[in-house]
Amino acid sequence: MKSLYIYLTLITVFISGIYVNFYGYNFFLGYLIIIFLYLAVFLRSFRIYLDRSIVKLIIGIIAMSMPSLFLIYGLEEKYLFEMAFKFFLLILLLLSFYLLFVYLKYDPVVLFFKYYRVAYIFSCIALCENFIFVFTKIDIVNIVFSGVHNKNYGLFLGASGLSGEPAFFACSLLPAAIYSLVKCLRRGRVDHKSTVVILAIFLSTSSLGILGIILGLFYYFVVSAKKQIFKVIFTLIIVSPFVFFITSTEYFQLRFNDTISLFSKSSLDDAVNLNVSTYSIAVNSAISLRSVIDNSGFGYGFGMYSNAFDDYISEYSIPSYRKNLPGRGSATSFILRINAELGVAAVLFFVIFALKNTLWEVDSDIGMINASLFCTIMIVFLRMGEYYINGVVLFIMLFYFSKKYLKSKISDR
């Protein structure tokens, strides 16, 4: 029963593209699995497992959301119910993922390796769907699951696995990919599983995934420089041409040039002809900043970024080839969304949280796991604003408990 719960819960990280339509409403399979599993466990034991840090987090988020209920919504009932539903989803995920730690005796290393096995399986799925497409030009997964949207490049697919889109797949896979990279560099050899996982990240063609790999390389070089200077220099010589090739492709050059162009514009109206991804980040950044300024440093409340977006978006131009801009539900960035929803204090908290719980070493499994999670969280902060899908909650919990686990091991000596 415990193994079934663990693996089915971990699978939900990778299936954001699968949903069931019931009377016109889409019910995502991942949420249904989590609700069913947790309810089944609760009905057997009638126990709820909680860590004090989780209770403090929930209380903190509620406290930072309270000003918005009075200053912005005036305690209107519909906003109270909307925010309460968002809290319900968050608490459900926290309880479900924490139960994984309970079942595995609070060992984040064991949990990460189980996650890694699942990530490897979904990497294989991504490679298989690409293999089929190359020879048949049929996007077989999209035919079976209409919620899975691969990017069709003609010769190959920007793979999503069974996630909603390539960026979601890259996010769910990134800790496994960065761990694989750091492990190969640290041990000086490449294994089959690492190759498959890293290849799947590149096949996603997601800038989020590729930037995560580059950040992982940078982290490894910085942390290892003092202890293994000659090995680091040799590795740099080997990987530099590869990084240069990736960053010189038309795809990356377009993003880079548009970003430079954006900073040279006098206003966002002048930047409307940039690619929609770069432009939407700029607009959501402006909305996030303006919302906290106009609300004296407070936010719109947990899960309520869409209200901030709706209040300000009419003041910005939308490209003629689009009906709307991305980001209404996610702000296109975790840090922008936190800023707009919970205020400046929450941003400072998460920055301190990330720095405080980083181990800054890659000499052990726990160090490499912590490094992969730190790099993933940094990329999510910049380029992924989803709270509930793609394993974001799980990764933050693993990151925190990896540091806590190491402390407990040291104190037991």
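This is a short talk on a helix pair, two cysteines and one serine in a predicted model.

Hi everyone, let's start with the helices. I'd like you to look at α9, residues 207–224, and α16, residues 365–383. Their axes come within 9 Å and cross at roughly 135 degrees. That angle makes α9 oblique to α16, since only angles over 145 degrees would count as roughly antiparallel. As for handedness, α9 passes α16 in a right-handed crossing.

Who meets whom there? On the α9 side you'll find L208, L211, G212, L215, G216 and Y219. Facing them from α16 are N370, A371, F374, C375, M378, I379 and R383. Sorted by class, this contact has nine nonpolar residues, three polar ones and one charged one.

Next, the cysteines. How many disulfides does a search of the whole structure find? Zero. A pair worth a look is C124 and C128: the sulfur of C124 has its closest cysteine sulfur in C128, 6.5 Å away, and that is too far for a bond, because a disulfide needs the two sulfur atoms within 2.5 Å. Both residues count as partly exposed, C124 because its relative accessibility is 25% and C128 because its value is 47%.

Last stop, S306. Please find helix α13, residues 305–312, where S306 sits. Is S306 buried or exposed? It counts as buried, because its relative accessibility is 11%, and the cut-off for buried is under 20%. Setting aside neighbours within four places in sequence, S306 is in contact with E82 and R328.

That's my tour, thanks for listening!

Technical notes. Residues numbered from 1 in each chain as written. Predicted model: local features only at pLDDT ≥ 70, side-chain atom pairs only at ≥ 80, totals over all residues. Heavy atoms only, no water. Helix = DSSP H or I, 4+ residues; strand = E, 2+ residues; numbered from the N terminus. Buried < 20%, exposed > 50% of the residue type's maximum accessible area, 1.4 Å probe, protein only. Contact = heavy atoms within 4.5 Å. Axes fitted to C-alpha atoms, helices over the stretch in contact; angles between N-to-C directions. Parallel < 35°, antiparallel > 145°, perpendicular 65-115°, else oblique. Left-handed = near helix turned anticlockwise from the far one by under 90°. Nonpolar A, V, L, I, M, F, W, Y, C, P; charged D, E, K, R; others polar.
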